[in-house]
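Subject: Handover of a structure and notes on its contents

Dear colleague,

Please find below the structure that I am handing over to you. My notes on it follow after the sequence and the model.

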Amino acid sequence: MAYETINFKTEGGIARLTLNRPDRLNSFTVQMHEEVADALGNLADVRVLVLTGAGRGFCGGQDLNDRAVAPGQSVDLGHSVETYYNPLIRRLTSLPLPVIARVNGVAAGAGANIALACDIVVAAKSAKFIQSFASIGLIPDSGGTWVLPRLVGQARALGLALTAEPLPAERAAEWGLIWKAVDEEALDAEVDALAARFASAPTRGLAAIKRMIRQSWGHSLDEELDLQRDAMRELGMSQDYKEGVAAFMEKRSPNFTGR
């Protein structure tokens, strides 16, 4: 597929997917959804994914001009959520590799929750996260109502969702909503260092960490202990574990292959 609304490239085990509609704050259209889905289906040999936006913002959510509905008319938003946004969130959270959100500016509506669906969010201090749904009579979709109270607690989740007030990146980091807020000029170096680190890391182990932490919400402690046993048994047979132990014993840097 020749992409028109995104940029996508892979190199050295790192995939970089850039939402590329800067004149519309990288807001989603049907075409962008289809192109993102296609890119996410082409991650063979990739060991880390970086998701970001072009220009001055990360993503403004849904492009309301793409609805093809006249003002005052009804539209089936459930169809849009079920067809496009839900599959995207499920894909990002289940990819067997780390996903880094590089938030370079405003992340609003579904754009904010797409960022929060990534495993690690690094944002410029000038960035803002806005749960803008209440302003037009909607609820935080794209996982918003699920992830917000789990990350920041019910009181702050309700405040963010009901008021639609922008949350500065530094406060988002203080609240535990994101991993880190950095100076704008340091954003690329921070994200690149993380991506390089993950690209040379034991990918199967990272994928297992991601899967188990994300799924642990639905497990009791006893269930989780059994799952930890099973995961350790499986990973203990991996080439990366053997390489990691050998490198430690031989006092050298490991050469992980992701297997």
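The notes below deal with strands first and then with salt bridges. Please bear in mind throughout that this is a predicted model.

Strand E7 and its partners

I would suggest beginning with strand E7, which covers residues 120–124. This strand is mostly covered, as five of its five residues are buried. The burial applies to both faces: Ile120, Val122 and Ala124 lie on one side, Val121 and Ala123 lie on the other, and all of these residues are buried.

Two pairings of E7 can be described. Strand E5, formed by residues 99–103, runs parallel to E7 and is joined to it by four bridges. Strand E10 also pairs with E7 in the parallel sense, over three bridges. Val122 takes part in both pairings: it is the bridge partner of Arg102, and its own bridge partner in E10 is Lys180.

A four-stranded open sheet

Elsewhere, four strands form an open sheet with mixed pairing, in the order E4-E6-E8-E9. Strand E4 (57–59) and strand E9 (167–168) stand at its edges; each has a single partner strand, so one side of each is left without a neighbour in the sheet. The pairing of E8 with E9 is antiparallel and rests on two bridges. Within this part of the structure, Lys128 is found opposite Pro168 of E9.

Salt bridges

The structure contains 14 salt bridges in total. Three of them are described here, together with one network.

In one of these, Arg214 and Asp119 form a salt bridge whose closest N and O atoms are 3.0 Å apart. Arg214 belongs to helix H8 (residues 203–215), whereas Asp119 sits in the loop between helix H3 (110–116) and strand E7, so the pair ties together parts that are 95 residues apart in sequence. Both side chains fall in the middle class of accessibility: Arg214 is partly exposed at 29% relative accessibility, and Asp119 is partly exposed at 28%.

Another salt bridge joins the side chains of Lys125 and Asp183, at 3.1 Å from N to O. Lys125 is located in the loop between E7 and strand E8 (128–130), and Asp183 in the loop between strand E10 (180–182) and helix H7 (187–199); the pair therefore ties together parts that are 58 residues apart in sequence. Here, too, the partners are partly exposed, with a relative accessible area of 34% for Lys125 and a relative accessibility of 37% for Asp183.

A further salt bridge lies within a helix. Arg229 is bridged to Asp226, and the closest N and O atoms are 3.4 Å apart. The two residues are three residues apart in helix H9 (residues 221–235), which means that about one helical turn separates them. Arg229 is partly exposed, with a relative accessible area of 42%, and Asp226 is likewise partly exposed, at 39%. Both residues also belong to a network of salt bridges that links Asp226, Arg229, Asp230 and Arg233.

Where to look

When you open the model, which residues lie on the two faces of E7? Ile120, Val122 and Ala124 are on one side, with Val121 and Ala123 on the other. From there, the loop that holds Asp119 and the loop that holds Lys125 lead to the salt bridges described above.

With kind regards

Terms used: Residues are numbered from 1 along each chain as its sequence is written. This is a predicted model: local features need pLDDT of at least 70, side-chain atom pairs count only at pLDDT 80 or more; totals for chains, interfaces and linings use all residues. Side-chain values use heavy atoms; hydrogens and water are left out. A salt bridge is a side-chain nitrogen of Lys or Arg within 4 Å of a carboxyl oxygen of Asp or Glu. Buried means under 20% relative accessible area, exposed over 50%, partly exposed in between (1.4 Å probe, protein chains only). Two strands pair if DSSP finds at least two bridges between them.
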